[in-house]
Amino acid sequence: MTTTDEQTQTGTHAQAAAAEPVAGLDTVEHATRTPDIDQPWSELGLKGDEYASIREIIGRRPTIAELAMYSVMWSEHCSYKSSKVHFKLWGENTTDEMREKLLVGIGENAGVVDIGDGWAVTFKVESHNHPSYVEPYQGAATGVGGIVRDIMSMGARPIAVMDPLRFGNLHHPDTQRVLPGIVAGVGGYGNCLGLPNIGGEVVFDDCYQGNPLVNALCVGAMRVEDIHLAKATGVGNKVILFGAKTGGDGIGGVSVLASETFDSGGPAKRPAVQVGDPFAEKVLIECCLDLYAAHVVDGIQDLGGAGLSCATSELASNGDGGMRVELDLVPLRDASLQPHEILMSESQERMMAIVEPDKLDEFMAITDKWDVEATVIGEVTDGDRLVITWHGEVIVDVPPRSVAHDGPTYHRPLSRPAYLDALNADSASALARPETGEEIRAQLLTLIGSPNLCDKSWVTDQYDRYVMGNTALSQPDDAGVVRVDEETGRGVAVATDCNGRFAKLDPYTGAQLALAEAYRNVATAGAAPLAVTDCLNFGSPEDPGVMWQFRESIRGIAEGCKFLGIPVTGGNVSFYNQTGDVAIHPTPVVGVLGVMPDVSKRSRSGFRTDGAHIYLLGTTRPELDGSEWAHVIHKHLGGLPPVVDLAAEQALGRALVAAAEAGLVEAAHDLSEGGLAIALAEACMRHGVGATIDGLDQVGVDADGTILDPFTALFSESSARALVAVPAGSAAQFEALLGEVPHRRIGATGGRDLEIAGLFSVSVSELESAHTFTMPAVFGS
Amino acid sequence: MRIGVVTFPGSLDDRDAARAVRACGGESVPLWHGDDDLRGVDAVILPGGFSYGDYLRCGAIARFAPVMDVLVPAAQGGLPVLGICNGFQVLTESHLLPGALIRNDHRKFNCVDTRLVVENASTAWTSDYEAGQEITIVLKNGEGGFVADDQTLDMLEGEGRVVFRYVPDADGRNPNGSYRHIAGITNERGNVVGLMPHPEHAVEEGYGPTLDGRGFFTSILTHALETAAKA
């Protein structure tokens, strides 16, 4: 409701006030006069050499405001100072062919890919782990809010969200504090924004106790010509802050929360978590889309971590000039905020736009229509400085690039952890196995109700998966699928995956397995994989073992992407996910996005009719190390993860996409945690249609060529496999398009039982009872 | 036939409702909360969402939007109005329909495909259904528990104004704790209908659990044609 008149008046007032210095204000002039004042750089998380380097860059001691800006922007969370030396692996593994698919690559708010017919899609996954542990509801809610604003700032309409979540032990009392709040926060924010939540993960493992992982992914769509970038160009263009007022919430949230572990006895961190207002964000989305449609926005940036410090310095750094900002014009929720607090505040639901002066009135008319407060707080200037004033006095005068992009770079030591040899030698092959059909049946029922494999509708029913009317597939299917073009049905599929146990055993292979699984899930739904985003969740980078895991994971993903020919478009790193010396399993969550010309042809995961042929595609090996079976039945983790065969994944993916395109698929489901047994059980439970499996002896052979025993055939977690049900009449056509993909017809759908011939039979309703019992038993129905 | 769909700040399913109108053969007309006329539409849909962030109480602020100043008398004069979810909450706050919607008894947001029995197939919005017919459409809300005093509930039942009931589960529970399993009701004239579930999410093959929601949008076209024929 602010008008340009009001701003002009305030601006004049500010200039008039310039004659009288503001008492106690640490101006640039004051800083120059008082070079030797002690500054709280250490309390702000800066290291001694970092502080020295700031002094060198600006040629004097920083003002308090400058110190605040550098400290948040040079924090691990904002500057990627421990990780960025390894990012060159992305570039080195991106071929020209992969680059051609990218309309916008790594480094912007989110990457953008071309999905055809003039449509561009942007997507990204980010972490909000530490805030969500401190304050589950608001931490998770603002995690969704932040990633949605990243997507908005590319010029896109957000069209879907997904939330990969990881918790400690399901039965631990703290999980009962953390999980309901996080789930309610994800739902409370996303539902109110009107974005369908189409998938994600809910994983439990003791390693996440005290360090839950809350990753949030958002997908947005736009016409190719509507892509917007975060840069401030054009001398005299206006800098506009719009959206919510700035308050004291989240001050230092990024630098403090994201860079410290939760040792007991530390100071209370609660006030540092931001508070979200999804209604304000919903209005902001619609307002931004109107602004884009009116072509009144030159550059745009969301305000997230590091708030105004980040937005002003990044916009200016990405542009070709400087920027001048009158900080006292920023509308405040709390009038007592100091200038450096305003710069650090992480109040939510704010955006910054660069607007040409002759488009200002039109801009303001649109923000007025949506009752969104918008204020001109500065302009793009000639030269190369970011200058910020407070009532006319200069409190910041820095090269913007030094704040936004030239932060410190660490070459942290890395070394392969010593424990790995013993861990890798401790194979699951020594564990006791079920011998009779009855024992296998009992273990299947245990597994299907175990925390990671049980029904997650207690969580996902709290998310709106239907809003927008474009959802073609959502959890618990293999991937989330949404329509982008309502005329043609063109759309995208997205899946996220990571098995942290595999990454613990071998981070390179584990990261590739995460990539392979997400790729496979997208292809299983019938979409051709196109691009990748990742959220790299790790322990402390100061631990050389963790740093080694980190580098191996990046290498695994980057080299895997190169092989598969799909580029990484962006992502996020979250370090310090550890308590004391104990880090979480390395958890490189990989999101893959695929495209479909018509999403109505997507493959669903459940058996729907009797008499369809069931095929197992891919090669099954005796691979039980790190498996869900070893984890649940024996609480065992050791050995080596399953073999990665990306050529096989690619061939399997092509076949699955071709089969969906040809309309041959009655159901398709990927094989992952729990192997064939769990995939079959899930496909049966989806619509209550059973199956008879009589070809278990054809599933695979071991290294010696001996036929796999039924237990191994059922529970091995070999990659590059999928289950496909095909109507009997389409079987020949289906087999013909499989080409080199190994395949076996192992049974048929029908009845109300899952029968494994010669071994056991279990009714679908008994499977369902075991499957659906677990979460309501802990959290209530 | 022109069906208006009102957008309040925070409305979410407005585009979906408009799409459903078009999918079933109608013309959708966007109406803005700040408008003070209804652009000559033949019927109005108040869509789902979180108008004004559900602040104060769901629908309590939307009730005072300028568009409601013209909609309320028009509805009292017989204009067909359908309130879906948040729209139902706006209708009860506006006193176009009795009762209130409160927080689900299990205190969680709940998004499920839900079975309903059509009890009144003679309203402007349900004439293409048959009384006693069971339909499955989407339910998604945090505050969808329908409550009213016994006298009002008796009146609604006695006058045949319960339009939809949830099919209770084996334990006799419905998805949000609504009294007497009531999912949707109508006014005395049968032109104003409010319900918590979302018919607009069940009109298109592949993008919802069923096509059972189409009846709302075809019923209103029939109704509008009949009204036009009488005039």
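I take buried to mean under 20% relative accessible area. I note at the outset that this is a predicted model.

**Entry 1: A:Met152**

I looked up A:Met152 and found this residue in helix H9 of chain A, which covers residues 136-152. Its relative accessible area is 1%, so I put A:Met152 down as buried. I then asked which residues it touches once neighbours within four places in sequence are left aside. The contacts of A:Met152 are A:Pro158, A:Leu284, A:Ile285, A:Cys288, A:Tyr292 and A:Met351. I also checked A:Met152 against A:Asp709: the two are 557 residues apart in sequence, and their C-alpha atoms are 52 Å apart in space.

**Entry 2: the annotated binding site**

I went to the UniProt record, an unreviewed entry, for the feature "binding site". The record places this feature at ten positions I copied out: A:Ser127, A:His128, A:Asn129, A:His130, A:Arg149, A:Gln274, A:Glu346, A:Ser347, A:Gln348 and A:Ser574. I followed up two of them, A:Ser347 and A:Ser574.

**Entry 3: A:Ser347**

I located A:Ser347 in the loop of chain A between helix H14 (339-344) and strand E10 (350-355). Is A:Ser347 buried or exposed? A:Ser347 has a relative accessible area of 0%, and therefore I list this residue as buried. Not counting residues up to four places away in sequence, A:Ser347 touches A:Lys245, A:Thr246, A:Gly247, A:Asp249 and A:Arg333. For A:Gly247 I looked up the atoms involved: its backbone nitrogen lies 2.7 Å from a polar atom of the A:Ser347 side chain.

**Entry 4: A:Ser574**

I found A:Ser574 in strand E18 of chain A, residues 568-574. A:Ser574 counts as buried because its relative accessibility is 7%, and the cut-off is under 20%. Leaving aside neighbours within four places in sequence, I list its contacts as A:Ser127, A:Asn129, A:His130, A:Leu536, A:Asn537 and A:Phe538. Of these contacts, A:Ser127, A:Asn129 and A:His130 also appear in the UniProt "binding site" feature. With A:Asn129 I noted a polar contact, side chain to side chain, at 3.0 Å.

**Entry 5: strand E7 of chain B**

I turned to chain B and asked how many residues of strand E7 (residues 134-141) are buried. The count is 6 of the 8, so I record the strand as largely enclosed by the rest of the structure. Its pairing with strand E6 (residues 110-118) of chain B is antiparallel and runs over 8 bridges. Within this pairing I looked up B:Val112, which stands opposite B:Leu139 in E7(B).

Notes:
Residues numbered from 1 in each chain as written. Chains lettered and ligands numbered in written order. Predicted model: local features only at pLDDT ≥ 70, side-chain atom pairs only at ≥ 80, totals over all residues. Heavy atoms only, no water. Helix = DSSP H or I, 4+ residues; strand = E, 2+ residues; numbered from the N terminus. Buried < 20%, exposed > 50% of the residue type's maximum accessible area, 1.4 Å probe, protein only. Contact = heavy atoms within 4.5 Å. Pairing = 2+ DSSP bridges. UniProt positions renumbered as here; feature names shortened; annotations may be inferred. Polar contact = N/O pair within 3.5 Å; in protein donor to acceptor, adjacent residues only side chain to side chain.
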